[in-house]
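Q: Please give me a close look at the largest nonpolar core. Cover the elements that supply it, then the salt bridges and other contacts.

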Amino acid sequence: MKRGASLAALAVALPLLGGCATTLNDVRGGPGAKLDPWENWNRKVFAFNEALDEKVLEPVATAYSNIVPQPIRRGVDNFFGNFADAWSAVNNFLQGKATAGVYDVMRVGTNTVFGLLGVLDVATEVGLEKTREDFGQTLGVWGMGTGAYIVWPLFGPSSVRDTIGLPMDIAASPSSVINDGATRYSLTALSIVNTRANLLGATRVLDDIALDKYNFVRDAYLQRRRSLVFDGNEPPPPDPTEPEESASEPAAK
């Protein structure tokens with residue numbers, strides 16, 4: 001995934017660290033329910049992903065976190081982050097944000113040359129801050145609405161727009177760029193386990209605070225994705241008394 005390879009629990013925790021009309025108005029089931037016409041099916045997939053995480057991902061990630069020293073895990077993060085920075089640069093240019101794109105290119109060049117192919121995050125140390133853009137955000141910037149909320153097996157929370165962008169994001173990951181089969185699968189597994197290990201604390205917080213975890217994850221995901229499309233400067237939510245067509249997401253930037 002986006003995003004790096006991620007399974008259900010990754011996508012569940014990520015929102016914490018941060019044909020349907022695009023609106024988050026208050027309706028039954030939470031502010032995101034209006035975008036969730038397939039809720040019954042989504043809840044079944046969500047339950048499957050939760051079980052998979054409980055039985056497989058979380059135990060493996062916990063063991064990985066206990067065995068692998070934190071500096072090595074940070075290096076793994078940086079390595080995958082370097083690929084993400086390159087894809088972020090492409091999306092920044094596609095969104096018309098040339099300055100941000102140039103900074104991403106500079107980050108990739110600095111970390112690749114001076115950071116042992118990205119294992120060390122030298123760029124951040126010299127003041128080149130990370131931006132994270134994906135193709136779903138690019139589609140949103142160019143005016144595509146969120147569409148219906150979807151929960152995918154293994155991949156977790158998404159939307160029609162983000163689902164359309166997902167194949168492009170996956171194609172830009174290191175596991176897709178490298179052709180060797182064994183190396184590709186190893187990188188995919190490492191990315192999943194390492195990212196899941198980083199989110200163990202966030203998952204515990206989610207378990208403690210969410211009365212309805214499904215609603216909480218859905219609303220957090222939709223709100224976070226909307227904020228990312230608008231770079232944190234999203235317009236106020238539309239007036240629920242206005243006609244439906246006025247609630248569509250405007251083209252950003």
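A: The core comes first, then the hairpin, the salt bridges and two further sites.

The model is predicted: local features need pLDDT of at least 70, side-chain atom pairs count only at pLDDT 80 or more, and totals for chains, interfaces and linings use all residues. Residues are numbered from 1 along each chain as its sequence is written, and side-chain values use heavy atoms, with hydrogens and water left out.

Start with the core. Its 10 residues are Leu 35, Val 45, Phe 46, Tyr 149, Val 151, Leu 206, Tyr 214, Val 217, Tyr 221 and Leu 222. A nonpolar core is a set of buried Ala, Val, Leu, Ile, Met, Phe, Trp, Tyr and Cys residues joined through side-chain atoms within 4.5 Å. Buried means under 20% relative accessible area, exposed means over 50%, and partly exposed is in between (1.4 Å probe, protein chains only). Helix H2 (39-67), strand E1 (149-152) and helix H11 (213-229) each give at least two residues to this core. H11 has the largest share, with 4 residues. Helices (H or I, at least four residues) and strands (E, at least two) are DSSP runs, numbered from the N terminus. In soluble globular proteins, nonpolar side chains tend to be buried together.

Look at Val 45. Apart from neighbours within four places in sequence, Val 45 contacts Val 151, Trp 152 and Pro 153. Contact here means heavy atoms within 4.5 Å. There is also a second, separate core of 9 residues, including Tyr 64, Val 68, Val 193 and Ala 197.

Now the hairpin. E1 pairs with strand E2 (residues 156-159) in the antiparallel sense, over 4 bridges. Strands count as paired if DSSP finds at least two bridges between them. Tyr 149 has Ser 159 of E2 as its bridge partner. The hairpin has 3 residues between E1 and E2, and Leu 154 in the turn has a positive phi of about 75 degrees.

Next, the charges. A salt bridge is a side-chain nitrogen of Lys or Arg within 4 Å of a carboxyl oxygen of Asp or Glu. By this rule there are 13 salt bridges. One of them joins Arg 43 to Asp 212, with the closest N and O atoms 3.1 Å apart. Arg 43 sits in helix H2 and Asp 212 in the loop between helix H10 (200-209) and H11, 169 residues apart. Arg 43 is partly exposed, at 29% relative accessible area. Asp 212 is partly exposed, also at 29%.

Asp 53 forms a salt bridge with Arg 196, at 2.7 Å between the closest N and O atoms. This pair links helix H2 to helix H9 (residues 181-198) across 143 residues. Asp 53 and Arg 196 are both buried.

Arg 107 pairs with Asp 121, with the closest N and O atoms 3.3 Å apart. Arg 107 lies in helix H4, and Asp 121 in the loop between H4 and helix H5 (122-125). Arg 107 is buried at 1%, while Asp 121 is partly exposed at 22%. Shared partners join Asp 85, Arg 107, Asp 121 and Lys 130 into one network.

Last, Gln 137, in helix H6 (residues 135-141). Gln 137 counts as buried because its relative accessibility is 1%. Gln 137 and Arg 225 are 88 residues apart in sequence, yet their C-alpha atoms are 7.7 Å apart. Beyond four places in sequence, Gln 137 contacts Gln 95, Arg 132, Arg 225, Leu 228 and Val 229.
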